[in-house]
Every structure is written in structure tokens, then in C-alpha cells.
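Trainee: I should like to learn how to read the interior of a model. Where should one begin?

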Amino acid sequence: MTTLKEIADLAGVSRGTVDRVLNHRGSVNPKTAEKVMSIVQALNYQPNRAGTALAAQKKKYKIGVIVFGRSNPFFDEVMRGVHAKSDELKSYGITTIIRRVDFDVRAQLDAIDELVAEGISGLVLAPYNDRTICERIDELENDGIPVVTVNTDIEGSHRMAYVGSDYYRGGCIAAGLFALSTCGEISLGIITGSDSVLCHTERIRGLQCTLEHSYPNIRINDIKENHDDEIESYTVTKQLLAEHPETGALFFTAAGIYGGCKAVTESGLHPRIITFDEVPTTLELIKKGTVLATISQQPYKQGYRSLDILFEYLTSGILPENELQYAEHSIIIRENLPMA
């Protein structure tokens with residue numbers, strides 16, 4: 001097992017310097033800190049867990065978590081992973097403070113400010129894709145509060161890591177499923193959450209690029225936002241189908257599937273429907289044959305891993321091996337529905 005002394009000898013510094021780098025105590029020359037961390041990662045240094053627990057208990061770390069949707073079933077599953085890891089971290093004296101907000105930049109900024117006022121040492125964030133959020137993440141990083149984005153990322157920020165699916169690839173997969181399940185000229189409607197959430201826009205981009213390159217017979221007729229709200233989803237889906245009765249396929253990039261499918265049923269149309277996520281209502285719609293398939297992205301693991309990354313960094317100074325921690329996509333159809 002690698003020791004602090006071995007790391008110190010290889011780096012040509014004292015054990016105290018290594019300790020300061022790993023535990024963020026005092027100032028260390030940036031080049032020295034970088035050298036120490038490169039050795040730590042190369043040797044796959046694992047700290048003594050008993051010592052880590054004692055150090056964490058003394059510091060009483062607080063980790064903030066901000067995700068979307070006060071009543072979004074997908075994020076309920078993400079939060080199940082967060083709560084599971086949070087329960088594990090209680091023995092280390094670590095507190096997790098959670099906020100769930102709507103798709104609103106001001107609400108997210110206010111939630112961040114509230115958690116900073118609470119004295120958080122790190123933040124798990126499903127970011128609203130806005131320049132002001134990006135700037136706020138950079139401010140947090142500069143103030144020594146690392147940020148891990150979960151489920152959706154934000155371009156250009158200095159966040160430490162992203163945990164979630166490769167949403168562009170998810171859109172490509174959806175395009176392939178539509179191609180396999182349809183034939184001839186197809187008019188495709190899209191119901192998305194928000195054009196201010198990167199995972200939603202990137203799924204659409206992946207779908208569009210794949211259709212244009214490989215399946216030009218499938219053409220997008222309209223894109224409408226439902227802000228992950230079931231009632232709004234019902235309304236905009238009904239509107240899309242009324243404006244485009246030729247719609248033969250429908251793509252839901254996020255939540256609002258139950259409300260949207262209610263509008264589909266009432267319309268008397270029978271488009272091939274592809275969705276994201278395996279929430280209970282969507283699985284029931286697959287069982288009934290209303291939804292053809294849904295693409296899952298392991299929300300529980302997203303929540304659990306995000307908190308775990310911050311814990312490892314705060315207590316041991318260990319960065320994740322990969323900045324992008326992608327969750328595996330899986331496709332669920334009626335024939336492989338999870339057993340109750």
C-alpha cells in the first residue's frame with residue numbers, strides 16, 4: 001500500500017506538504033501541488049479509511065445538492081442514489097443539504113446562494129444552461145467549492161466532473177430506434193423539456209444529425225417545450241398533433257410523458273413513441289403498447305456517484321479518473337420490462 005512518505009519522497013517534498021495538498025490545508029505552490037497529485041494518481045493512492053473518517057468528522061463537511069423538479073419522477077430516482085450515499089457519509093460526519101428547483105435561472109442561483117450561506121464545501125448540481133450559472137460555478141471553484149454536475153452538464157464551466165449520460169449519443173440511439181420501427185416517409189414531432197437544459201438540446205441534436213445523415217426519410221415537423229410538466233405536456237402535445245395530424249412518430253426527450261401520451265390517446269392517432277427514462281408511468285405505457293421503447297440512463301447511479309466523487313475529493317484530494325463519468329444507456333421495450 002502506498003504511503004504519504006513514499007509520495008513525499010517521490011515528489012521531493014515533506015509529508016506535511018503532501019498532507020496539505022490532499023486535505024487542502026494551507027497554501028502550496030501550484031506546480032508542487034500538481035506534481036504531488038500526479039504521483040497520487042499514478043500510484044492509485046488510497047488513504048487510510050479510519051484516518052479519513054476522523055479527519056472528515058473533525059471538519060464536518062457539508063455537501064449541497066441541487067436538482068430539477070419538485071415532482072419529477074426521474075429526479076426522484078436520482079435523489080434515491082443521493083440519499084443512499086448520503087446515509088453512508090453520515091458516519092464520516094458529512095451532512096448533505098438538498099434543494100429541488102424548477103427550470104428557472106433565478107431559482108437556481110438563489111438555491112446556490114442559500115447553500116453557500118449554509119457553509120457547503122462542495123456542490124452536486126443539475127445546472128440550468130445559462131451563462132450566469134456557468135459564471136457562478138466558476139466563482140465557486142475559485143472559492144474552493146468544487147462542483148460536480150449531474151444528469152445535465154454546462155458548457156465552458158470549470159466544474160470538476162460530470163456524471164450522467166452521453167445525451168448526444170442518446171439522441172442518436174433514439175433516431176436508430178425510429179428507423180427500425182417505421183418505414184416510408186415519416187413526420188416526427190418532438191416534445192422537449194427546455195431549450196435551456198443542455199441534455200434536452202443535445203438529445204435533439206444527436207437525433208437530428210443521425211436522421212440527416214442516415215435516415216432522411218424521417219423529417220422533424222415541430223419541436224415544443226413542456227418544461228417537464230405533465231399538464232403543459234398534455235397541452236403542447238395536443239397542439240402539435242392538431243397542427244400536424246400526419247405525425248407518425250413522437251419523441252419525448254425528457255419528462256411529461258404521461259400527460260403527452262394522454263393527448264396522443266385522445267387524438268386517435270397512433271404515432272411510434274420513443275421516450276427517455278424508466279419511471280413507473282412510462283413503464284406502464286410501454287406495457288399497454290402506447291410507448292414503443294424508452295432509453296434508460298441509470299439515474300440512481302448518477303446520484304450516488306456524484307456525491308461519491310465529491311467525498312473522495314474533499315477527504316482525500318483524489319480527482320475522478322475521467323472528467324466525464326458516463327452512465328450506460330439501456331433500451332427498455334415491452335419484452336424486457338423490469339420485473340415487479
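Mentor: This is a predicted model, and the nonpolar cores are a suitable starting point. The largest nonpolar core has 50 residues, and those with the most contacts inside it are Ile66, Leu123 and Leu125.

Trainee: Which helix gives the largest share of this core?

Mentor: Helix α5, residues 73-89, does so with 6 residues. A second, separate core of 17 residues includes Ala175, Ile186, Ile218 and Ile295.

Trainee: What is leucine 125 in contact with, beyond its neighbours within four places in sequence?

Mentor: Among its partners are Ile66, Ile112, Ile133, Ile137, Val147, Val148 and Val150, and the list also includes Gln108, Thr149 and Thr152.

Trainee: How are the buried residues of helix α1 to be read?

Mentor: One lists them and then views them down the axis. In α1, residues 4-11, the buried residues are Leu4, Ile7, Ala8 and Ala11. They fall within an arc of 100° about the axis of α1, so they line one face of the helix. On the other side of α1, Asp9 and Leu10 are exposed. Glycine 12 follows α1 and has a positive phi, near 70°.

Trainee: Which side chain of opposite charge is nearest to aspartate 228?

Mentor: For a buried charge, one looks for a salt bridge and then for other partners. Aspartate 228 lies in the loop between β7 (218-225) and α10 (230-243). Aspartate 228 is buried but has no salt bridge, the nearest side chain of opposite charge being arginine 203, 7.7 Å away. Its side chain does reach the backbone nitrogen of alanine 255 at 3.3 Å. Beyond four places in sequence, aspartate 228 touches Asn72, Phe103, Gly193, His200, Ala254 and Ala255.

How values were computed: Residues numbered from 1 in each chain as written. Predicted model: local features only at pLDDT ≥ 70, side-chain atom pairs only at ≥ 80, totals over all residues. Heavy atoms only, no water. Helix = DSSP H or I, 4+ residues; strand = E, 2+ residues; numbered from the N terminus. Buried < 20%, exposed > 50% of the residue type's maximum accessible area, 1.4 Å probe, protein only. Lys, Arg positive; Asp, Glu negative; His and termini not counted. Salt bridge = Lys/Arg side-chain N within 4 Å of Asp/Glu carboxyl O. Polar contact = N/O pair within 3.5 Å; in protein donor to acceptor, adjacent residues only side chain to side chain. Contact = heavy atoms within 4.5 Å. Arc of directions from axis to C-beta. Core = buried A, V, L, I, M, F, W, Y, C linked by side-chain atoms within 4.5 Å.
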